[in-house]
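Work through the exercises below with the sequence and the coordinates at hand. Each task is followed by a solution in steps.

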Amino acid sequence: MIGRLSGVLLEKQPPFILIDVNGVGYECQAPMNTIYQLPEVGQNTILHTHLSVSENAHTLFAFYSLEERKLFRELIKVNGVGPKLALAILSAMSAIEFVQNVHHGEASTLVKIPGVGKKTAERLIIEMKDRLNDWQVEAPVKTDSSQSTQTVSSGSANVQEAVSGLVALGYKPTEASKAISKLDDDSLPASTLIRLALKNMM
């Protein structure tokens, strides 16, 4: 089991990242909340990892904090929640925001995440509530519903990368394009565009 990587960040194309560890490149998938905290390409970083093994692939997931990895591992224990959906959940909200939603029974917020239907949201709340008893909840869940109506250029490389990132997280192409088109600055990095789009959609 690979539990930790320390090396140079080579690529950052959400949700994929590539880390050089002593000449070996490790391709990982990471939630957006981890990608937001990564340094610039070419700099050193340390990430906590989880290796998911299936019949078709060995996939390495990377997390900036042990707390985030811990929640990921709890999520994939829930019936019907696989690594891809767990990644989408941790991209849509921070670990503490998810814990707050579970403790407050906010199924209506969870169903906004791609792949999370009403039954899955209810199952997450029921199954995760006891497992998260030791997590501290200090503030109420905050959402940002503000949206800009100015359209960005669809030809922007940043926009295209951001749309691809949202699609990789489970959103439909039309949903992803619409969410990005509502932002007002296509010069922002793709990871920032994704963060703003996810915030608006939630």
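The exercises concern a predicted model, and they deal with a helix, a group of salt bridges and a pocket.

**Exercise 1. The two sides of a helix**

Task: Determine which residues of helix H8 are buried, which exposed residues are on the face turned away from them, and which helices the buried residues pack against.

Solution.

Step 1. Helix H8 spans residues 173–181, and its buried residues are Ala 176, Ala 179 and Ile 180. The cut-off for buried is under 20% relative accessible area.

Step 2. The buried residues lie on the same side of H8, because they cover an arc of only 95° around the axis. An α-helix has 3.6 residues a turn, so residues three or four places apart point the same way.

Step 3. On the face of H8 turned away from this buried side are the exposed residues Thr 174 and Lys 178.

Step 4. The packing partners of the buried residues of H8 are helix H7 (157–168) and helix H9 (190–201).

**Exercise 2. A network of salt bridges**

Task: Find how many salt bridges the structure holds, and state which residues are linked in a network.

Solution.

Step 1. The count of salt bridges in the structure is three. Side chains of opposite charge can pair when their charged atoms come close. The distance to test for, nitrogen to carboxyl oxygen, is within 4 Å.

Step 2. Lys 77 pairs with Glu 74 at 3.7 Å, N to O. Lys 77 is exposed, with a relative accessible area of 54%, whereas Glu 74 is buried, at 16%.

Step 3. Glu 74 also forms a salt bridge with Arg 131, at 3.8 Å, N to O. Glu 74 belongs to helix H2 (residues 66–75) and Arg 131 to helix H6 (residues 118–131), so this pair ties together parts that are 57 residues apart in sequence.

Step 4. Arg 131 meets Glu 127 in a salt bridge as well, at 3.8 Å, N to O. These two residues are four apart in helix H6, which means that about one helical turn separates them. Arg 131 is partly exposed, with 30% relative accessibility, and Glu 127 is partly exposed with 27%.

Step 5. Joining the pairs gives a network of salt bridges that links Glu 74, Lys 77, Glu 127 and Arg 131.

**Exercise 3. The lining of a pocket**

Task: For the second largest pocket, give the volume, describe the character of the lining, and find which element gives the most residues to it.

Solution.

Step 1. The volume of the second largest pocket is about 190 Å³.

Step 2. Its lining includes Lys 12, Tyr 36, Glu 40, Asn 158, Pro 189 and Thr 192. The lining divides into six nonpolar, three polar and three charged residues.

Step 3. The elements that give two or more residues to this lining are H7 and H9. H9 gives the most, with three residues.

Step 4. Take Asn 158 as one of the lining residues. Asn 158 is placed in helix H7 and is partly exposed, at 24% relative accessibility. Between Asn 158 and Leu 193 there are 8.0 Å in space, C-alpha to C-alpha, for a separation of 35 residues in sequence.

Note on methods
Residues numbered from 1 in each chain as written. Predicted model: local features only at pLDDT ≥ 70, side-chain atom pairs only at ≥ 80, totals over all residues. Heavy atoms only, no water. Buried < 20%, exposed > 50% of the residue type's maximum accessible area, 1.4 Å probe, protein only. Arc of directions from axis to C-beta. Contact = heavy atoms within 4.5 Å. Salt bridge = Lys/Arg side-chain N within 4 Å of Asp/Glu carboxyl O. 1 Å grid on protein atoms, 1.4 Å probe; cavity = no way out; pocket = protein on both sides within 12 Å on 5 of 7 lines; lining within 4 Å. Points joined across faces, edges and corners; volume = space filled by probe spheres on them. Nonpolar A, V, L, I, M, F, W, Y, C, P; charged D, E, K, R; others polar.
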